[in-house]
Amino acid sequence: MTAPVATADIAIIGAGSGGLSVAAGAAQLGLSVVLFEKGEMGGDCLNYGCVPSKALIAAAGAAHKARQGALGVTASGVQVDFDAVMAHVHHTIAAIAPVDSQERFEGLGVRVVREAAKFVDARTVASASFAVRARKIIIATGSRAAVPPIEGLSAVPFLTNETIFELKALPEKLIVLGGGPIGIELGQAFARLGSAVIIVEAGTPLGREDPAAAALVLDQLRKDGVEIIAGRKVLSAEPGPVLVLEGGKRIAGSHLLIAAGRTASLGDLDLDKAGIERTADGVKTNSAMRTTNRRVYAVGDAAGRGQFTHLAGAHAGLVVRRAIFALPVNADKLIVPRVTYADPEIATIGLTEAEARKAHGDAVRVEIFPFSENDRAQAEGDTRGFGKLVTTRRGKVLGVTLVGRSAGDHIHVWSLAMSAGLKLSKLTGMIAPYPTRGEISKRLAGQWYAPALFSPMTRWLVSVLKRLA
Ligand SMILES: Cc1cc2nc3c(=O)[nH]c(=O)nc-3n(C[C@H](O)[C@H](O)[C@H](O)COP(=O)(O)OP(=O)(O)OC[C@H]3O[C@@H](n4cnc5c(N)ncnc54)[C@H](O)[C@@H]3O)c2cc1C
């Protein structure tokens with residue numbers, strides 16, 4: 001390293017959701033910030049993750065609706081112009097990109113270095129042309145698609161989230177390896193755009209979710225023509241691409257997408273030079289997101305505590321509070337919602353029913369409210385789905401699952417309720433506009449009180465009050 005060493009208050013490696021949030025906060029507080037980015041500004045979410053996938057899903061949803069017709073409306077001659085779909089995907093990225101751009105961050109006073117950086121020692125980070133000694137250093141290097149150790153796979157061309165949005169033609173037959181949120185979202189989207197799709201999952205597809213909610217989504221995927229092979233391991237891969245499964249079954253396709261989990265991007269950082277330990281999932285951090293080097297913090301996917309843009313943003317908020325204002329924070333107590341943006345969507349916060357029963361035994365209560373009892377869902381002719389509320393016997397909210405159209409937009413109220421420790425009565429007291437799907441949350445809370453409200457004791461009290469009035 002020959003570059004002269006600059007000094008800064010904060011050095012950040014990685015300009016994705018986590019790194020950019022720390023950079024924006026620190027720079028606007030008047031601190032000197034150096035931000036290294038080896039690829040595109042905006043990281044995975046903007047360029048290869050949330051944004052392009054949601055744009056593709058929206059186009060696929062439009063194709064599906066047009067093809068299906070509904071509510072007395074039918075369309076004929078529905079066609080998918082894949083070039084135009086991809087143009088929509090890339091226009092969406094371009095529309096959002098200015099918020100994450102080098103120009104915007106330089107405007108905030110951040111020194112942006114568009115090179116790969118690594119640790120030189122415990123408080124120095126350097127790239128090819130720039131070195132900085134910083135009071136605090138933030139690792140925000142994100143994650144990449146994990147490539148499973150399958151015999152022969154290295155000789156087979158495959159797609160990942162970093163290449164699939166660059167496709168120039170619709171895959172004729174797409175094999176998706178992995179039945180988690182990414183595989184399910186993209187598998188459904190490509191099926192609706194016209195590809196034949198096979199999803200192969202060694203375990204249970206959407207296995208983290210409430211089984212009934214997952215079943216609804218998988219049922220819809222099957223109706224969309226997706227073949228789902230679950231509980232079968234892939235033994236080997238051959239050019240074609242062909243996957244050979246346990247039991248000898250062979251699956252051939254035109255394209256293979258690997259969506260079988262994520263690996264934290266830490267390989268080229270020389271963490272050992274800075275005394276930074278790692279775990280199997282990412283950088284080892286304490287509840288303040290501090291690493292084993294007291295000057296260094298990790299945020300987002302690199303920290304291996306979950307892979308969501310909103311979580312990376314939440315980590316960034318904690319780091320700004322801790323590293324800049326020296327305030328107490330606790331990342332272990334974050335209550336983080338998650339959404340699988342299939343149709344129907346699954347949105348979950350806190351514990352699923354199974355997790356709650358494991359942790360609390362029989363001391364849990366479960367309320368279920370189906371979308372078929374929601375007037376807006378009836379009016380829209382789409383009554384698939386339900387809400388499930390899981391509480392302690394005393395009504396503390398342990399978790400909520402919503403599955404149905406726009407479920408992700410309706411989990412917010414539960415995110416607020418759980419993070420603020422609100423009582424269920426606050427939700428029943430809220431006036432929800434009619435008719436909205438959001439009413440389902442109020443109805444879930446109301447249902448929790450129903451047994452007590454309409455109990456023999458309450459009825460006796462009402463009869464007494466009637467006589468007194
Ligand atoms: C297909 C897909 C869909 C997704 N959809 C959603 C969604 O709908 N909602 C959601 O919340 N999350 C979604 N995610 C997850 C989300 O994209 C990530 O959780 C988020 O991007 C993590 O942000 P980050 O800042 O930790 O990392 P990233 O956004 O990955 O940013 C890390 C940056 O660090 C850079 N970098 C790495 N190493 C170095 C180095 N040595 N020097 C300099 N720069 C370096 C990288 O180039 C990258 O730009 C999706 C992910 C995928 C793959």
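Hi everyone, let's start with helix α4, residues 82–96: it has 15 residues and reaches 22 Å from its first C-alpha to its last, close to the 21 Å expected at 1.5 Å a residue. One thing to keep in mind as we go is that this is a predicted model.

So which residues of α4 are buried? They are Phe-82, Val-85, Met-86, Val-89 and Ile-93. If you look down the axis of α4, those buried residues fall within an arc of 95°, so they line one face of the helix. And what do they pack against? The partners are α2 (43–48), α3 (50–68) and α6. Turn to the other side of α4 and you will find Asp-83, His-91 and Ala-95, which are exposed.

Helix α6 gives us a handy way into the strands. Residues 181–193 form α6, and together with strands β8 and β9 this helix makes a right-handed β-α-β unit. The two strands of that unit, β8 (residues 173–177) and β9, run parallel and are joined by five bridges. If you want a place to put your cursor, try Ile-175, which stands opposite Ile-198 in β9.

Now stay on Ile-198 and look towards β10, where Glu-227 stands opposite Ile-198. Strand β10 covers residues 227–230, and four bridges join β9 to β10, again with the strands running parallel. Here too there is a helix in the connection: β9, α7 (residues 211–223) and β10 make a right-handed β-α-β unit.

That leaves β9 with β8 as one partner and β10 as another. How many of the six residues of β9 are buried? Five of them are, so this strand, residues 196–201, is largely enclosed by the rest of the structure.

Last stop, the cysteines. A search of the whole structure turns up one disulfide, and it joins Cys-45 to Cys-50, with an S to S distance of 2.3 Å. For anyone who likes the chemistry spelled out, a disulfide is a covalent bond between the sulfur atoms of two cysteines. Is this one left-handed or right-handed? The torsion about the S-S bond of Cys-45 and Cys-50 is about -130°, so the disulfide is left-handed. As for the surroundings, Cys-45 is buried, at a relative accessible area of 14%, whereas Cys-50 is partly exposed, at 28%.

To link back to where we began, α2 (43–48) and α3 (50–68) are among the elements that the buried residues of α4 pack against. That's my tour, and I'm happy to rotate the model for anyone who wants another look!

Definitions and conventions: Residues are numbered from 1 along each chain as its sequence is written. This is a predicted model: local features need pLDDT of at least 70, side-chain atom pairs count only at pLDDT 80 or more; totals for chains, interfaces and linings use all residues. Side-chain values use heavy atoms; hydrogens and water are left out. Buried means under 20% relative accessible area, exposed over 50%, partly exposed in between (1.4 Å probe, protein chains only). Two strands pair if DSSP finds at least two bridges between them. A crossover is right-handed if, with the strands pointing away from the viewer, the path from the first strand over the helix to the second runs clockwise. A disulfide is a pair of cysteine sulfur atoms within 2.5 Å. The expected span of a helix is 1.5 Å times one less than its number of residues. The arc is that of the directions from the helix axis to the C-beta atoms. Contact means heavy atoms within 4.5 Å.
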